[in-house]
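Visitor: Could you walk me through reading a sheet and what packs around it? I'd like the general idea, then the actual case.

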There are 2 protein chains.
Amino acid sequence: MEPKHQVVILGGGFGGLAAAQKLKRTPVEVTLIDRRNFHLFQPLLYQVATGSLSPGEIAAPLRGVLSRQKNARVLLGEAVDIDPEAKRVILRDGDTYAYDSLIVATGSQTSYYGNDSWRQWAPSLKSVEEATAIRHKILYAFERAERAATEEEARAWLTFVIVGAGATGLELSGALAEIAQETLRHDFRKIRPQEARILLLEGAPRVLGVYPEDLSAKAEKLLTRLGVEVIKGVMVTNIGAEGVTFKRGDSTESLAARTVLWAGGVTTTPFGERLAQRTKAETDRSGRIKVQRDLTIPNYSDIFIIGDLAHAVDEKGKPLPGVAQVAMQGGAYAGKTIGARVGGKQQARPFHYFNKGDMAVIGRAAAVANIFGVHISGWPAWLIWLFIHLMYIVEFQSRVLVFIQWGFEYLTFSRGARLITGTAATDSVTKPETLGNIGDGR
Amino acid sequence: MEPKHQVVILGGGFGGLAAAQKLKRTPVEVTLIDRRNFHLFQPLLYQVATGSLSPGEIAAPLRGVLSRQKNARVLLGEAVDIDPEAKRVILRDGDTYAYDSLIVATGSQTSYYGNDSWRQWAPSLKSVEEATAIRHKILYAFERAERAATEEEARAWLTFVIVGAGATGLELSGALAEIAQETLRHDFRKIRPQEARILLLEGAPRVLGVYPEDLSAKAEKLLTRLGVEVIKGVMVTNIGAEGVTFKRGDSTESLAARTVLWAGGVTTTPFGERLAQRTKAETDRSGRIKVQRDLTIPNYSDIFIIGDLAHAVDEKGKPLPGVAQVAMQGGAYAGKTIGARVGGKQQARPFHYFNKGDMAVIGRAAAVANIFGVHISGWPAWLIWLFIHLMYIVEFQSRVLVFIQWGFEYLTFSRGARLITGTAATDSVTKPETLGNIGDGR
């Protein structure tokens, strides 16, 4: 018997998983390799960071998702290199996997625009670990404010800065406003959580820069109504333990804030760089690899790149955005193309992205959406957002409960997953240089 | 106005929380100090370790629980010392808190019986962090078995040893058996998870040594039916990376097992030791402080010790067990006594422990219970166990969902929270010395 066509997929995110599932009935052998053993529903990660959901509720074990797909196997491992001539990928442990077709869906990582030292003060929202670290940081700030020695110190602990007013920045600042105003309302004795300041800093002249202008304006209005201070047209020049420094026009301002969250840009990963080198592929400014209209790399028709790592363009030559929809449709397209090739046919049509709509959520009953050119905001947009996320999550069975839980927490204003975990939970309370002397507690 | 009577409670577990809540209507000021910001429903921690529940689902933020109790405040901090003459506790950061009455409910920690080096190979189930570490260890073992180079190596990754056949040992081994036989059944391509060996080692001649003999026998039968190998009367002499060595009679046996979990005994904490020193209190063999019939320390009628740190005795002089019931009733008693004293009365009655029943759960529809001398096992015991845990958890609102989720997972045999998180998730896959060469993966 002839050995089956080997499809190796790197990454089990939206793109990689869609590709694997598309190949379900194709006579190939699929090997999905991911560093993690789970698929993460990234659009809800901010809910983990803000204590509404637990990590397990927005993740599905990859093995579980693909357990019934007999032509697919899942491997825990990290690709670090590739030999495109020998058609092999190399994992960190030295193992190599040969492919006939390769689908690269390894995504992006957070970019601090060359200021990597900011990372330690301003975590970003990319992984489950970062989400729980952010949760820790937020809840801990209120604890510290409660025990602060001076008014000034308490104020710094109650000032939260989110850098970047894209979708993630909006989600985080909206959720933070709700935590301060509703969730923790009755929980403290010295401080009033409602007095927390939440600032959203953005370099561009408006929030949600990629959206139509009226929706940007609407989103800003919704944010302001929640109590978020939106500051546009600023350039962050420093982030440290004490807060943020930024330029606004000609003046430089410093803000004492103990909690800074980074919702800035993304860049390529080390593996993405290596892949570009090995295949001599062109990259764009943020390191994404420029692919052809069929999502393959020039000269390597057996290597597909999908999702955030790909710089793909639409019919008009406009680059496609790094969103889940593009990744999923790209994955399905790659899977279909491989299926056609294995069947001896040629995939004639180039990849066409069908945009079902863009939406950003700000808070309870607050969202903006652009669906086939129809601009929606407020309650209706939020309901659509809820419905779409519900539909997707339901596919990964048993996650229905996420939405029951949401409903429950929505009604009660509570947040169930308010845990400060990790080794730092107590240690960091006890740094004498920042705590000061509170006296005997009377 | 006279300053109010200050009650300081150390520890927000079952005992400390019960004490705080009992003082709700007493004209005192309550300060609850805990290292963590949440109350943990410890009896379900094994479900976090085995991937059924997320940490957030079995924890309630202490601030949330006490937010409506206006005479109580919560502080994140760790008590490290006490000055019983000056009536002050000292926190790690140097802050001191004065008390008029002190309730110590700081619990116990895992004891490796003097072999602390075993800890790194055999985690125990005390904290949320340990539970997620155990989850990681278990799921990771199956991943490694799938990628093992030799049959022998795969076998070692598929051998799980639980040391100690108390309630925790039974819960863990029963849940592990279900994971291997049901949850992961279809998830792998090379290995058959059903072939995993799960061994439960116990030093005593029977499991659940504190239960009546017929229930021990019944529990062992239920375990065996689930596929757990129970080995009694053995003494573990070593635990390392490769497995466990133990003595059985005159012979010494070694077992190649990559996953060893510790469900052994408990001992006092550093703070408990310090407290005993400072108050010159007597301790028992495992370091618990011997308290009087009113749960105070001799010569210090203002210091109550409740829960796992206390060695309290019943009417017949028999020591009370370290279970949640004893802690909760002790906490309520201490709260009531303080209330009486503040009201100018004397609490006349000594602490009386009312045992509502003991139960241990092994798996789905498998448990044993001793309720007012009536011995129950199997389905009925499991239903009672479920009901009692449901009742308790419902009190901490919104956690109702835990049980809906259970019901769901019970029906579908799935486990939603199967995440391998933490920095080690990929790094440890890649240790070349243990992985071996798998070739090109074809």
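**Reading the sheet**

Guide: Start with strand order, keeping in mind that this is a predicted model. In chain B, four strands make an open sheet, ordered E13-E12-E11-E17 and paired in parallel.

Visitor: Which strands stand at the edges?

Guide: Look for strands with a single partner. Here those are E13 (228–231) and E17 (259–262) of chain B, so each has one side without a neighbour in the sheet. From one strand to the next, the twist averages 20°.

Visitor: How many bridges join E12 to E13 in chain B?

Guide: Four bridges link strand E12 (residues 197–201) of chain B to E13(B), and the two run parallel. To get the register, pick a facing pair: B:Ile198 sits opposite B:Val228 in E13(B).

Visitor: Which strands does helix H6 of chain B touch?

Guide: For packing, check contacts and then direction. Helix H6 (residues 167–183) of chain B packs on the sheet, with contacts to E11 (159–163), E12, E13 and E17 of chain B. The direction of H6 makes about 175° with that of E12(B). Helix H7 (residues 213–226) of chain B also packs on the sheet, touching E12 and E13 of chain B, and its direction makes about 140° with that of E13(B).

Visitor: What about a single residue: where does B:Glu273 lie?

Guide: B:Glu273 is in helix H8 (residues 270–279) of chain B. It counts as partly exposed because 14 other C-beta atoms lie within 10 Å, a count between the cut-offs of 12 or fewer for exposed and 20 or more for buried. Leaving out residues up to four places away in sequence, B:Glu273 touches B:Thr268 and B:Gly287.

Methods: Residues numbered from 1 in each chain as written. Chains lettered and ligands numbered in written order. Predicted model: local features only at pLDDT ≥ 70, side-chain atom pairs only at ≥ 80, totals over all residues. Contact = placed C-beta atoms within 7 Å. Pairing = 2+ DSSP bridges. Axes fitted to C-alpha atoms, helices over the stretch in contact; angles between N-to-C directions.
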